[in-house]
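Please find below a colleague's note on the structure shown here. The points concern a sheet, a helix and the cysteines.

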Amino acid sequence: MLSVWHRGKFYLSALMLIAPLSVVQNYFATSEMVAPSARSLPERAVGPWRATLAEAIPGPPYRGPAGERMKDFAVSFRPEDAAGIRGAFLRVGKPRNLRTAGALAHGSPYRAHAHVPMPENLTGGEELWLTVEGWDGQTHQVVWPLADVMSSP
Amino acid sequence: MTECGTRTMNAKKSRARLWLLWHSWLALPIWAYLFFICATGTVATMSREWMWVADPTVRADSAGPDLPPSALVAAIEREIPGAKVLYLRRDEPYLAVEATFARPDGRFGSAWIDPVGGAITSLGGGTTFPEFMRALHGWLLAPWISGYSWGWYAVTVLAVPMLGSLVTGIVVYKRFWRVYASWPKIRVGNGARLFWGDLHRLGGAWALWFIAIIASTAAWFLIEAVLYDFNAPVAMSEAPVVIAREDLPVAQPGQPLPRADLDRAVTAALSVLPGARPTLIMLPTNAFEPVVVSGFGRVPLFYDRVAVNPYTAAIVAQRLGGDLPLIVKTTQIMRILHIGNFGGLPVKIVWCAFGLILSTLVFSGMMIWTKRTFRKTVETARSLAEENVHA
């Protein structure tokens, strides 16, 4: 028994390979962007277009590199609408003007994500404002209760 | 020999033994895991080249001038209606162009395009072989949720024992530089112990510089993650460049939407990158993102990067030859040194060959221990047991 241990003890570190082996099947399977537990809200009209809002990654807000609290949200547009949209911005609280419309969503014209700064303490009454700007320079806004799209505070 | 001389000799011997013990114990308990990381790294450094060997469709074989980027984009958009190209990447002249695109359903896909004919030679999902190898080697495929992945830490922490093995190995191998003066000598046929021992010493001596680079760049990767995750007050990356709203055209009612002119943007970028071979074109995902052209340029070991407004062809920002904040610059050069992509195929071959030597070092170290130390321990234990029985 002891000799088995002495012979094999140095192979134990191969157990580290359990981590990649357990996910390798999924790795190629899909490039699914939405985790099953991520909150996703029904499509809503914003100006002439329609937008779907979702949590990009479920879980509580994370700390950004400067220590600020952040959460990633995904905004999806219909394929036929994407060309007419200049950009989408997400912000907690109503933006005062276009310059402070919020975090610019990026990554894909169809399902863009934004890194949105979060207030330190959430009361549960905050609103998430989506500002969508068209190529004609017009902006349209729609608002959701932040609590509806957060899976955890 | 005098009493004094014997004592010094014994003291030196036990010091040497101690260094050797450290050298063994720094690597042995983790050798299987370390070997896996070294082997995957060796493969990853030439992952596109393996694809070139295995798959003719990723080769840039056709003779003739390269098509402009817009033609490549058009090929993707024809093939997959609604697809929006995000990246056009061409690491080496002998490789075809790799395109990453967004699908209308929100997913991503990848394709290889012949740069001369414009034909799409293969289509794939969101994850490519090079990306897979990088993720496997770099972070064991562990997820990135907030901050650096735990897998990144699990891999980069190996830099510590590797540096330790390197230093202790140098101390233990007296006058290792003598091997540089003669042809490699490995005794084959004199028993496994001598073979593995010779191989280990030879590989260690010749790969010294490489191991120093790999271990110290990996140590930087660990530092980089700690700096980021513990919110160090330094800029870890550059703020993304955005196009100002006033620099964007406004669509007139009844007129077609403003179109981004990719070719004009890329030409403008190349005019600022003399002698550079652009390896990456990043296309915007919204109106405020510029077209970014990146490649190895004037200064060795640094990327040149130019951001262009695709609606006006004006240069929005440029970062040439390491003109970056210190930490950002260090991170960039450390990664380039680690993967060895700064000198085309010759350097990649060197990196891969020495990666193989490094992996063999880890394996041969384990074999030496099995053939020598383990055997000896078993023999000693057996003889002690026999003594006890007969006592």
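1. For the helix and strand angles in this note, axes are lines fitted to C-alpha atoms, taken for helices over the stretch in contact. The model is a predicted one.

2. Chain B contains an open sheet of eight strands with antiparallel pairing, in the order β4-β3-β2-β1-β5-β6-β7-β8. At its edges lie β4 (120–124) and β8 (315–319) of chain B, each of which pairs on one side only. From one strand to the next, the twist averages 20 degrees.

3. Within this sheet, β6 (residues 291–296) and β7 (residues 303–308) of chain B are joined by six bridges in the antiparallel sense. In this pairing, V291(B) is placed opposite V308(B) of β7(B). In general, strands of a sheet pair through backbone hydrogen bonds.

4. Helix α10 (residues 262–272) of chain B lies across four strands of that chain, namely β5 (277–282), β6, β7 and β8. The helix runs at about 40 degrees to β6(B).

5. How many disulfides are there over all chains? The count is zero, where a disulfide requires two cysteine sulfur atoms within 2.5 Å. For C38(B), the closest cysteine sulfur belongs to C352(B) and is 13 Å away, so the distance is too far for a bond. C352(B) is likewise in no disulfide, its nearest cysteine sulfur being that of C38(B).

6. Are these two cysteines, C38(B) and C352(B), buried or exposed? C38(B) is buried, with a relative accessible area of 9%. C352(B) also counts as buried, at 10% relative accessibility, because the cut-off for buried is under 20%.

Technical notes
Residues are numbered from 1 along each chain as its sequence is written. Chains are lettered from A and ligands numbered from 1 in the order in which they are written. This is a predicted model: local features need pLDDT of at least 70, side-chain atom pairs count only at pLDDT 80 or more; totals for chains, interfaces and linings use all residues. Side-chain values use heavy atoms; hydrogens and water are left out. Two strands pair if DSSP finds at least two bridges between them. Helices (H or I, at least four residues) and strands (E, at least two) are DSSP runs, numbered from the N terminus. Axes are lines fitted to C-alpha atoms, for helices over the stretch in contact, and angles run from 0 to 180 degrees between N-to-C directions. Contact means heavy atoms within 4.5 Å. Buried means under 20% relative accessible area, exposed over 50%, partly exposed in between (1.4 Å probe, protein chains only).
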